[in-house]
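Please take a moment to look over the sequence and the model below before reading on. The paragraphs that come after them are meant to be read with both in view.

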Amino acid sequence: MALIQKSLEEGILTLTIQRPEALNALNRQVIDALSAAVEAAQNNGEVRVIIITGSGDKAFVAGADIKEFADFDQAQGEELARRGQRELFDRVERSSKPVVAAINGFALGGGLELAMAAHVRVAANNARMGLPEVSLGVIPGYGGTQRLAQIVGKGKAMEMVLTGGMIDAEAALACGLINQVVDQELLLETAHALAAKMAKNAPTALAAALDSVLAGYGREGFEVEVTRFGQCFTTDDFKEGTTAFLEKRKPNFPGS
Ligand code: CAA
């Protein structure tokens, strides 16, 4: 099974992340495959709009792959965040074609960060969203500290980042994190209808509009996030948080 399933219909390219056994968690291979698919779409004249979704009905993406980075050191942690941001998250946000995230379940950590790098978000009514990284002894490293505040404002972003809690689709709609909520069976149809409204517009104007909206948002915070993300990998809290996840138990943070 390909890690990314591609389907092109009426100018709308749907990219489906297919790693359901790990709730579509973003390991290196998924990041590379999704990045390549988004990049290829930029140069494909038949593609007008891109939809990103996850396979199965349980998860969009449950985050970065915790098993992959649990034994990383500071330099590797920093590189994970920097490379991921550059290769995938910035590439999605800087796409010259609109990107719609269709959130079909859990969108946590790197999963919510991916949805937030997209330009518009539609969620199924079973979706649960959050940035639980602090419960693992780390912080969001794929742009979440920046994009969440940009989308929902600093106060709500602080609450979500600091509690690490999840919110449901209705709460996400109320705070502007998502644009629409629909019954799960209507999710792809709804995302497609929204994408079709964009696809009928002038591609050059869409690219100019995306570029202009994004020009209003600063970039400095992303580098701070990468550095602070890497520093977390030196702490006992990080070792305890990731070990507890892998052992399927609650963490007992030492605070150092
Ligand atoms: N990484 C690796 N594997 C993951 C995963 C992740 N982020 N999320 C889920 N999985 C795996 C589980 O380990 C499990 O695998 P096994 O069957 O081999 O044990 C499988 O997917 C199914 O998951 P659960 O059994 O945990 O399913 P559940 O229904 O009990 O819970 C859940 C669902 C609440 C989403 C839970 O899986 C969970 O909390 N996942 C982790 C969420 C998280 O912390 N995400 C942030 C990751 S860190 C990050 O993203 C950093 C960054 O910004 C760069």
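What follows is a walk through the sheets, the aromatic pairs and the salt bridges of this structure.

The model is a predicted one, and the account may begin with its sheets. One of them is an open sheet of six strands, which follow one another in the order E1-E2-E3-E5-E7-E10 and are joined by mixed pairing. At its edges stand strand E1, residues 4–9, and strand E10, residues 180–182; each has a single partner strand, so one side of each is left without a neighbour in the sheet. Going from one strand to the next, the twist averages 20 degrees. The edge strand E1 runs antiparallel to strand E2, residues 12–17, and six bridges join the two. Within this pairing, Ser-7 has Thr-14 of E2 as its bridge partner. Across E1, E2 and strand E3 (49–54) lies helix H1, made of residues 28–42, and its direction is at about 175 degrees to that of E2.

There is also an open sheet of four strands, again with mixed pairing, in the order E4-E6-E8-E9. Here the edges are taken by strand E4 (59–61) and strand E9 (166–168), and because each of these has a single partner strand, one side of each is left without a neighbour in the sheet. Neighbouring strands of this sheet are turned against each other by 20 degrees on average, if direction is ignored. Inside the sheet, strand E6, residues 106–108, runs parallel to E8, and three bridges join them. Leu-108 can be found opposite Gly-130 in E8.

From the sheets we turn to the aromatic side chains. A pair of aromatic rings is described by the distance of the centres and the angle of the planes. The structure holds five aromatic pairs, and one of them is formed by Phe-89 and Tyr-142, whose ring centres are 4.4 Å apart; their planes meet at 20 degrees, so the pair is stacked. Phe-89 belongs to helix H3 (residues 74–93), whereas Tyr-142 belongs to the loop between strand E8 (128–130) and helix H5 (144–152), and the pair therefore ties together parts that are 53 residues apart in sequence. Are these two side chains buried or exposed? Phe-89 counts as buried because its relative accessibility is 0%, below the cut-off of 20%, and Tyr-142 is buried too, with a relative accessible area of 5%.

The pair of Phe-233 and Phe-238 has ring centres 4.2 Å apart, but with the planes at 40 degrees, so this pair is tilted. Phe-233 is buried, with a relative accessible area of 5%, and Phe-238 likewise counts as buried, at 1% relative accessibility. Both rings are part of one aromatic cluster, which is formed by Phe-69, Phe-229, Phe-233 and Phe-238.

The charged side chains make up the last part of the picture. Side chains of opposite charge can pair when their charged atoms come close. A search of the whole structure finds 16 salt bridges, among them the one in which the side chains of Glu-78 and Arg-82 meet, with an N to O distance of 3.4 Å. These two residues both lie in helix H3, where they are four residues apart, about one turn of the helix. Arg-82 counts as partly exposed, at 26% relative accessibility.

Which residue does Arg-219 pair with in a salt bridge? The partner is Asp-90, and the closest N and O atoms of the two are 3.1 Å apart. Since Arg-219 lies in the loop between helix H9 (203–214) and helix H10 (220–232), while Asp-90 lies in helix H3, the pair ties together parts that are 129 residues apart in sequence. Arg-219 counts as partly exposed, at 39% relative accessibility, whereas Asp-90 counts as buried, at 17%. Both residues take part in a network of salt bridges that links Asp-90, Glu-93, Arg-147 and Arg-219. The charged end of Arg-219 also sits over the ring of Phe-222, at 4.1 Å from the centre of that ring.

Another salt bridge brings together the side chains of Arg-249 and Glu-240, at 2.7 Å from N to O. In this pair Arg-249 is partly exposed, with a relative accessible area of 34%, while Glu-240 is buried, with a relative accessible area of 15%.

Notes: Residues numbered from 1 in each chain as written. Predicted model: local features only at pLDDT ≥ 70, side-chain atom pairs only at ≥ 80, totals over all residues. Heavy atoms only, no water. Phe/Tyr/Trp six-rings, centres within 6.5 Å; stacked < 30°, edge-to-face > 60°. Buried < 20%, exposed > 50% of the residue type's maximum accessible area, 1.4 Å probe, protein only. Lys NZ or Arg CZ within 6 Å of the ring centre and 35° of its normal. Salt bridge = Lys/Arg side-chain N within 4 Å of Asp/Glu carboxyl O. Pairing = 2+ DSSP bridges. Axes fitted to C-alpha atoms, helices over the stretch in contact; angles between N-to-C directions. Contact = heavy atoms within 4.5 Å.
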